Amino acid sequence: EPEPVRVDIAEMAFGAAVEWEVPRPVALIDRDPGPTDISRMVRTIRRAARDVSIPAPRRPWLPELAAAYDFSDLAQRPNLRTDEHLLLGVMDDAAHQEQPTVTYDPDRDGTMAVYGTGGSGKSATLRALAVASAVTPRGGPVWVYGLDFGASGLRPIERLPHVGAVVSGDDEEGVARVLRMIRDVVNDRAVRYAGVRAGSIGEYRQRANAPQEPRILLLVDGIVPFREAHEFTPANLFGIFSQIAADGRQVGVHVIMTGDRPNAVPMSVASTVQRRLILRLATEDDYLLLGVPKDVLGPSSPPGRGILDDNEVQVAILGGNPNLAIQDRELERLAESMTRHGVVPAPRIGRLPSEVPLASLPVLDPRGAVVVGVDDETLGPASIEPWGPLLVSGPPGSGRTTALLTIAQAIRRARPATTILHVAPRRTRLAGTRAFDASLTTPDAISEAAADLTERLEAGAVPPGQLLLIVESVGDYSAAMLEGTVERLVRACLRAEQLVVGESESSTWSQAYDLSKPFKAGRRGILLVPGEMEGDTLLGTPLGRFKRAEFPPGRAFLVSGGRGRKVQVALPE
């Protein structure tokens, strides 16, 4: 039908024209156009087939992808039980009218990014890859480690034997240990693989005759909060992660990360991403920024529905049901089955103990320093050099007294001939313990012994490293009128290359201006349960960001050489 003619009416007079409001005719597009040619053709063909009693013609397209697929059913298909092809789900290949299984191929795909808004199935995708890596009898073993910066979506896979650890994002210690462990694996494998000229883990297994060399998957659920928490910190954990993502593929270490928006992955890591799975996003603009059509996914799309390689996919679920309780039950069964079949568990990530006996530690470390605790980074011995100044600080109840006894016993174990002298402005709990050769707690005794010992030290009568002087409660000597006497003794010990330990509560170091100088100038100490600024104010060494609430008694920063390392001071006998 022809469109209605438009008529405009206006009064023509001096000045501005005044338009008349004329009712507009109803547009034809608002009317029901009736059935289309295609719908009439389909109806007629179906009626004709029914009239002559022949089967209805098949539809020229496959049915829509199901809302959920059971991983166990899909895994029965050929070539899906190897670590080179990890089952991900089902793809709707419209161009070829097929719905084949789709896999994540670590050697080819390398780092993969999964984009999606809340509830779109990002965590379920990571769990699916963890499940797929559990069933690889035709390939080599796979170890899985997870960093969970989301809503604990990776916790269910923690029970699987091949999952070494799932660390919560607020556990900075655990995050650091996972990343450092995997970084060390990458560095070690780079040397070993180069030695046999292997460009992938498959080649290394063949050329080095090491079929049990494990492939490693690092799952990061929430790249944005991970980056915000660890990109600009002294530990540089995000830098370690970037190194793993860049160098890991060639040595069998692969990263799969999730983000909730197109710019979630920073450029330093985005250059390593070789495959992207786009799940449901928050806005249509987000689809355009990622270069995919905006009309494929929508609010009604089931969790796990996404776009991969320009085709629609549905991520598989263990148990075939999105109900988390059912998935949890199926994961429990899988874990029991893996244990029955003798799957070798992945190495667990250790934790810094809150208590460790001194007797369980070696006397000296490989460098010959005296061991006093356990180092956080390596879970190996934490040690101090047996000479120079050592500052011990902390709030009440942090373990300062215990630390002094530990240092005394550690020195005694390493150097039995060392003389250990304890000095305090008043009688304390340490006075008279068997750890010391002598305890001086009165002004007369301190003055007399300090003068005699200072004279012997200046005369060279005490060989280097044969004396340990422990000065307790440094901040209280000015009130006892002993600061000058003890300061001269401390400086004499330092000139004679002896070990001098100064202890005081965190807030009282400023009270002994002169006596605290040699300890602060040494920039070496044990800061127990420290505050955020104590590293700068006492030893001129920033400690970075940490949570003081996670420091039990005896947990400290061992500061030396301008760097602070987290340690657990051992318990004395």
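How much space lies in the largest cavity? In this predicted model, the largest cavity holds about 90 Å³ of space, and the structure has three cavities of 30 Å³ or more. The lining of the largest cavity is made up of A124, R127, A128, V131, A316, I317, L318, Q327 and L331. Helices α4 (122–132) and α11 (324–340) each supply at least two of these residues, and α4 gives the most, with four. By class, the lining of the largest cavity comprises seven nonpolar residues, one polar and one charged.

Turning to the pockets, the largest has about 620 Å³ of space. It is lined by 28 residues, and those closest to its centre are A134, V135, T136, M338 and V343. The elements that give two or more residues to this lining are α2 (71–74), β6 (142–148) and α11. Helix α11, also met in the lining of the largest cavity, gives the most to the largest pocket, with four residues. The lining of the largest pocket divides into 15 nonpolar, 11 polar and two charged residues.

The second largest pocket contains about 470 Å³ of space. Among its 24 lining residues, R180, A235, E377, L543 and G564 lie nearest the centre. At least two residues each come from α5 (172–195), α8 and β22 (563–569), with α5 giving the most, five residues. Here the lining has nine nonpolar, five polar and 10 charged residues.

Helix α8 also packs against a neighbouring element in the sequence numbering, α7. The axes of α7 (residues 223–230) and α8 (residues 237–247) come within 8 Å and cross at roughly 130 degrees, which means that α7 is oblique to α8. On the α7 side, the contact is made by I223, F226, R227 and H230, and on the α8 side by L237, F238 and F241. Five nonpolar residues, one polar and one charged make up this contact.

Strand β22, which helps to line the second largest pocket, belongs to an open sheet of 10 strands with mixed pairing. The strand order is β14-β13-β22-β21-β20-β15-β19-β18-β16-β17. Because β14 (381–384) and β17 (438–440) stand at the edges with a single partner strand each, one side of each is left without a neighbour in the sheet. From one strand to the next, the twist averages 30 degrees. At the β17 edge, strand β16 (residues 419–423) pairs with β17 in the parallel sense over three bridges, and H422 stands opposite S439 in β17.

Conventions
Residues are numbered from 1 along each chain as its sequence is written. This is a predicted model: local features need pLDDT of at least 70, side-chain atom pairs count only at pLDDT 80 or more; totals for chains, interfaces and linings use all residues. Side-chain values use heavy atoms; hydrogens and water are left out. Axes are lines fitted to C-alpha atoms, for helices over the stretch in contact, and angles run from 0 to 180 degrees between N-to-C directions. Angles under 35 degrees count as roughly parallel, over 145 as roughly antiparallel, 65 to 115 as roughly perpendicular and the rest as oblique. Contact means heavy atoms within 4.5 Å. Ala, Val, Leu, Ile, Met, Phe, Trp, Tyr, Cys and Pro count as nonpolar, Asp, Glu, Lys and Arg as charged, and the others, Gly among them, as polar. On a 1 Å grid over the protein atoms alone, a cavity is a set of points where a 1.4 Å probe fits but cannot get out, and a pocket is an open set with protein on both sides within 12 Å along at least five of seven lines; lining residues have an atom within 4 Å of a point. Grid points are joined across faces, edges and corners, and a volume is the space filled by probe spheres set on the points. Two strands pair if DSSP finds at least two bridges between them.
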